[in-house]
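Dear colleague,

I am handing over the structure we spoke about, and it follows directly below. After it come my notes on what turned up in it, grouped by region.

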Amino acid sequence: MSLGGDDGYGGDYEGHEARRGRGAAPGDHLTRTRLPEGDGDPYGPPRRAPGRTGKPSRNLITVVSVVVLLLAAIAFVNRGGGKGGDSSGDDTGGTGTEARPTAPTGERPVDGKNDTTGIASGFAKSEQGAQSAAANYAVALGSDGMFQADRRKAIVNTVYAPDLAGTRLKELNKAFSNSKILSNAGLDANGDPPDGMTFVSRANPVGAKVEKFEDDQAQVAVWHSLLFGLAGEGSKNPVAEGWYTDTFKLKWIKGDWKVIQYTQKNGPAPVGRDQAASSAEDMANAVQGFGGFTYAR
């Protein structure tokens, strides 16, 4: 569960077939088979008269045609050049923007990240851009960094509006000063896990939707799962999965979307499959080995 919320996480075988004999005498019911001449491979291609040029195989022509078309397709896709292809529209994601394979909805992906937190930045001033921002902020506010003071400060100052970040940080610091929050997560007073344990808190967005959108404000809901717990032998708080919906009120400030309000509620939660849980070691290796994503709508 996240504590970032404001109120609570073929082949051409021509000439190879047997041919029926022609001009058989009356009463002769035998079938004559023409065998290949010479000592060559009986299953190889027939000999051709000297000086006669063979026609190219239809298969070869087909393969060449496919290769040419494939190269043409690749050239077309890469014609735009640069990250996400060449966009003919402006950064507001208007109808003049042409869709590209690397930008599913036609807008350029974000082109920057915060140097300290790694949180994506430079979202488009559009509904799609607001959804992208909200999805990435859900990941940040649901991360393990929220349980450590220095990382929490960097995250809050990155995602929240400047005039609200200070107040929000004080509220969160006060909440985390309650030892029960950290101890229930299996962490010490500094937000660190016991030796040999890996703390897991990772949000995985499934989708997002715009609930309201105006010139410089948006309200976006992000549905996501959350992995939370301690991975390690003997963990009393093993990694489990939860489902939540985070709702963000965003404001366009100095060229980017920033959070002015954040709430969270449980669900919708799917029915769990009858699937055996992985070992503590496998889970820890997975969390350490698989990095997260930058999300774009």
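To begin with a strand pair in this predicted model, β5 and β6 run antiparallel and are joined by 10 bridges. Across that pairing, F248 stands opposite Y262, the latter belonging to β6. The two strands form a hairpin with two residues between them, and it is here that K254 takes a positive phi near 50°. That value deserves a second look, since K254 is a residue other than glycine, and most residues other than glycine have a negative phi. K254 lies in the loop between β5 and β6, and with a relative accessible area of 84% it counts as exposed, because the threshold for that class is over 50%.

A second backbone feature follows further along the chain. The peptide bond that leads from G267 to P268 is cis, with omega near -5°, whereas most peptide bonds are trans. P268 itself is found in the loop that runs between β6 (256-266) and α6 (280-289).

Before going on, a word on confidence, which you will want to keep in mind when you choose what to use. The chain averages a pLDDT of 76, and 63% of the residues score at least 70. Strand β5 (residues 240-253) has the highest confidence, at a mean of 97, while helix α1 (residues 58-77) has the lowest, at 63. Over residues 8-38 the pLDDT is below 50, and this stretch has 31 contacts in the model beyond near neighbours in sequence. The pLDDT is also below 50 over residues 80-104, a stretch with 41 such contacts.

Turning to the aromatic side chains, a search of the whole structure finds 10 aromatic pairs. One of them joins F199 and F228, whose ring centres are 5.6 Å apart and whose planes stand at 85°, so the pair is edge-to-face. Since F199 lies in strand β3 (residues 198-213) and F228 in strand β4 (residues 217-231), this pair ties together parts that are 29 residues apart in sequence. F199 and F228 are both buried, and together with F147 and F176 they form one aromatic cluster. Another pair is made by F293 and Y295, with ring centres 6.4 Å apart and planes at 70°, so this one is edge-to-face as well. F293 is exposed, with a relative accessible area of 64%.

Strand β3 also holds K212, which is exposed at a relative accessible area of 56%. Leaving aside residues up to four places away in sequence, K212 touches Q217, A218 and Q219. Measured in sequence terms K212 and K249 are 37 residues apart, yet from C-alpha to C-alpha they are 9.0 Å apart in space.

Finally, which residues of helix α3 (residues 149-159) are buried? They are R152, A154, I155, V156, T158 and V159. What covers these buried residues includes the helices α2 (127-141) and α4 (162-176), along with strand β6, which is the partner of β5 in the antiparallel pairing described at the start.

With best regards

Technical notes:
Residues are numbered from 1 along each chain as its sequence is written. This is a predicted model: local features need pLDDT of at least 70, side-chain atom pairs count only at pLDDT 80 or more; totals for chains, interfaces and linings use all residues. Side-chain values use heavy atoms; hydrogens and water are left out. pLDDT is the predictor's confidence in each residue, from 0 to 100. Helices (H or I, at least four residues) and strands (E, at least two) are DSSP runs, numbered from the N terminus. Contact means heavy atoms within 4.5 Å. Rings of Phe, Tyr and Trp (its six-membered ring) pair if their centres lie within 6.5 Å; planes under 30 degrees apart count as stacked, over 60 as edge-to-face and the rest as tilted. Buried means under 20% relative accessible area, exposed over 50%, partly exposed in between (1.4 Å probe, protein chains only). Two strands pair if DSSP finds at least two bridges between them.
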